[in-house]
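User: Please take a close look at a single part of this structure and explain how that part sits among its surroundings. A connected account suited to a first-year student would be welcome.

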Amino acid sequence: MPTATDFKDYYATLGVPKTATPEEIKRAYRKLARKCHPDLNPGDKDAEAKFKDLNEANQVLSDPEKREKYDKFGQHWDRPGYGEVPPPTGTNVGT
């Protein structure tokens, strides 16, 4: 299970504010991805790791549904069932 130290701030990864428009996110991703692309930095493991982080951030923030969940639930945004209303409990359920 992820801890608070595992949380990836996708906005910080792309260097954009939380209020960034889809166009701003796309522009920031393209600029940074170009710098860190493995083809332009052969053998540079740091650049490769940064490129993967950039891709992950872009995939979440460029998808309106994923971005909404990320904004609402933070580090738990992609956990199945997180944020959903639990089913009712008790002896009268289903009767």
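Analyst: In this predicted model, helix H2 covers residues 22-36, which is 15 residues. At 1.5 Å a residue, H2 should span 21 Å, and its end C-alpha atoms are indeed 21 Å apart, so the expected span and the model agree.

The next matter is which side of H2 faces inward. Its buried residues are Ile25, Ala28, Tyr29, Ala33 and Cys36. Seen down the axis of H2, these buried residues fall within an arc of 125°, and therefore they line one face of the helix. The spacing has a general background: an α-helix has 3.6 residues a turn, so residues three or four places apart point the same way. On the face of H2 turned away from the buried side, one finds the exposed residues Glu23, Arg27, Lys31, Arg34 and Lys35.

What, then, covers the buried residues of H2? The cover includes helix H1 (10-14), helix H3 (45-61) and helix H4 (64-73). Each of these partners may be considered in turn.

The packing of H2 with H3 can be described in some detail. In general, two packed helices are described by the angle between their axes and the distance between the axes. For H2 and H3 the angle is about 165°, and the axes are 9 Å apart. Because angles over 145 degrees count as roughly antiparallel, H2 is roughly antiparallel to H3. The crossing of H2 past H3 is left-handed. On the H2 side, the contact is made by Ile25, Tyr29, Leu32, Ala33 and Cys36. On the H3 side, the contributors are Ala47, Glu48, Lys50, Phe51, Leu54, Asn55, Asn58 and Leu61. Ile25, Tyr29, Ala33 and Cys36 thus appear both among the buried residues of H2 and in its contact with H3.

One residue of H3 deserves separate attention. Asn58 lies in helix H3, and at 15% relative accessibility it counts as buried, because the limit for a buried residue is under 20%. Leaving aside residues up to four places away in sequence, Asn58 touches Leu14, Ile25 and Tyr29.

From H1, a comparable example is Thr13, which lies in that helix. With 17% relative accessibility, Thr13 counts as buried. Residues up to four places away in sequence again being left out, Thr13 touches Leu32, Lys50, Asp53, Leu54 and Ala57.

H4 remains to be placed. The axes of H3 and H4 come within 6 Å and cross at roughly 100°. That angle makes H3 roughly perpendicular to H4. Where the two helices meet, Gln59, Val60 and Leu61 in H3 face Lys66, Arg67 and Tyr70 in H4 as contacts. Within H4, the residues Arg67, Tyr70 and Phe73 are buried. Seen down the axis of H4, its buried residues fall within an arc of 155°, so they too line one face of their helix. The opposite face of H4, turned away from the buried side, carries the exposed residues Pro64, Glu65, Glu68 and Lys72. The cover over the buried residues of H4 includes H1, H2 and H3.

Finally, the whole chain gives the setting for H2. The chain has four helices and zero strands, following the pattern α-α-α-α along the sequence. Of its 95 residues, 26% count as buried. Among contacts in the chain with a separation of 6 or more, 52% come from residues 24 or more positions apart.

Methods. Residues are numbered from 1 along each chain as its sequence is written. This is a predicted model: local features need pLDDT of at least 70, side-chain atom pairs count only at pLDDT 80 or more; totals for chains, interfaces and linings use all residues. Side-chain values use heavy atoms; hydrogens and water are left out. The expected span of a helix is 1.5 Å times one less than its number of residues. Buried means under 20% relative accessible area, exposed over 50%, partly exposed in between (1.4 Å probe, protein chains only). The arc is that of the directions from the helix axis to the C-beta atoms. Contact means heavy atoms within 4.5 Å. Axes are lines fitted to C-alpha atoms, for helices over the stretch in contact, and angles run from 0 to 180 degrees between N-to-C directions. Angles under 35 degrees count as roughly parallel, over 145 as roughly antiparallel, 65 to 115 as roughly perpendicular and the rest as oblique. A crossing is left-handed if the near helix is turned anticlockwise from the far one by less than a right angle, and right-handed if clockwise.
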